[in-house]
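Got the viewer open? Let's walk through this one step by step, picking out one piece at a time.

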Amino acid sequence: MKLLKNLWAKEAPANTVPRPFCHCLDPQYEEEKWTELQIHQEEQDTGSAGWQRINELIEQAAADGRREFSPGPEMKPEEWAQVTELPKSISTLKRVKHLILYGSSLVRIPPEIGEMTALKQFSPYTSYRLHWFPYEITRCKKLKDSTISTRALYGNYKDRAPFPRLPQDHPCVPQRCSVCEGSFGDTQPIQYWISLRIATDVVPLLVHACSRECIANLPKPPENYVQSPHQGGLGLGQPKADR
Ligand SMILES: [Zn+2]
Ligand SMILES: [Zn+2]
């Protein structure tokens, strides 16, 4: 926490409004005992000015075919702080190569990011409430560069923050299987975590699968991470922290 506060104080320009912080991963700074974590449940306030503005910005960016999309600087700071979830319409940003989300208050990225097929560079740096990404981001086949605050991630190699125990409800469940894109039909998606290299960083991905077969078809995680898909919880054995 101290580190996060210091970082923020250093980077915050004088005219910045306070943005929401969370304490999920504080024990790594305080050397406290971990307790079971919960996936962020915050619902996006769809009545807020920030939500309206980000939807407009996406519409504009889709229409003008821009290659770089960085909504933060185009919004009032208080509006940017109201955006906790990106709209699903990011799927329309077919020409965007670089998605910049510096200093966001996001708590989740929707699975529709997988439809941003031109994406090469992903920069959610200093978005301290983003602890995981949807598995669908692996569909961005051109993605090769990322700038992520890795200490904010579940299972980060520095501190091995725990993963929330699955299954957990959260407001951004995909409509189709994360792995085979098949429909869930009447069955509940099966949730698993897996750590995989996304561009420059190894990140925790949340999978919503239609079947055990789809879980079995997931790729093998890189060395030094839990070697198979798992359902988190404090009892999970992770490789040693590399402080
Ligand atoms: Zn959090
Ligand atoms: Zn499937």
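Here is a short tour, from the whole chain down to a single residue.

**Stop 1: the whole thing**

Before selecting anything, keep in mind that this is a predicted model. Zoom out and show the full chain as a cartoon. You should be able to pick out five helices and seven strands. Trace them from the N terminus and the elements come in the order α-α-α-β-α-β-β-β-β-β-β-α. The radius of gyration is 18 Å, close to the 18 Å that the globule rule gives for 243 residues, so the protein is as compact as a globular protein of that length.

Now switch to the C-alpha trace and turn it around: along its principal axes it spans about 45 × 45 × 30 Å. If you colour by burial, buried residues account for 37% of the 243 residues. How much of the contact map joins residues at least 24 apart? Taking contacts between residues at least 6 apart in sequence, 64% join residues at least 24 apart.

**Stop 2: the four-stranded sheet**

Select β1, β2, β3 and β5. Together they make an open sheet in the order β1-β2-β3-β5, and the pairing is parallel. Which strands sit at the edges? They are β1, at 68-69, and β5, at 145-146, each of which pairs on one side only.

Zoom in on the middle of this sheet. Strand β2 covers residues 98-100 and strand β3 covers residues 121-123; the two run parallel and are joined by three bridges. Show H98 as sticks and look across to β3: the residue standing opposite is Q121.

**Stop 3: the three-stranded sheet**

Next, select β4, β6 and β7. These form another open sheet, ordered β4-β7-β6, with mixed pairing. Here the edge strands are β4 and β6, and each pairs on one side only.

Start with β7, residues 201-209. Is this strand mostly covered or mostly open? It is mostly covered, with eight of its nine residues buried.

On one side, β7 runs parallel to β4 (residues 133-134), and two bridges join them. Pick P134 and you'll find L206 of β7 opposite.

On the other pairing, β7 runs antiparallel to β6 (residues 190-198), joined by nine bridges. Click W193 and its bridge partner in β7 turns out to be L206, the residue that also stands opposite P134. Then try S195, whose bridge partner in β7 is P204.

Follow the chain from β6 into β7 and you go round a hairpin with two residues between the strands. One to click in that turn is A199, which has a positive phi of about 55°.

**Stop 4: Q121 up close**

Go back to Q121, in strand β3. Is this residue buried or partly exposed? Count the other C-beta atoms within 10 Å and you get 19; a residue needs 20 or more to be buried, so Q121 is partly exposed.

Show what surrounds Q121. Leaving aside neighbours within four places in sequence, Q121 is in contact with K97, H98 and D145. H98 is the β2 residue you saw opposite Q121 earlier.

For a last click, draw a distance from Q121 to T200. The two are 79 residues apart along the chain, yet their C-alpha atoms are separated by 9.5 Å.

Technical notes: Residues are numbered from 1 along each chain as its sequence is written. Chains are lettered from A and ligands numbered from 1 in the order in which they are written. This is a predicted model: local features need pLDDT of at least 70, side-chain atom pairs count only at pLDDT 80 or more; totals for chains, interfaces and linings use all residues. Two strands pair if DSSP finds at least two bridges between them. A residue is buried if 20 or more other C-beta atoms lie within 10 Å of its own, exposed if 12 or fewer, and partly exposed in between; C-beta atoms are placed from the backbone. The radius of gyration is taken over C-alpha atoms; the globule rule is 2.2 Å times the number of residues to the power 0.38. Two residues are in contact if their C-beta atoms, placed from the backbone, lie within 7 Å.
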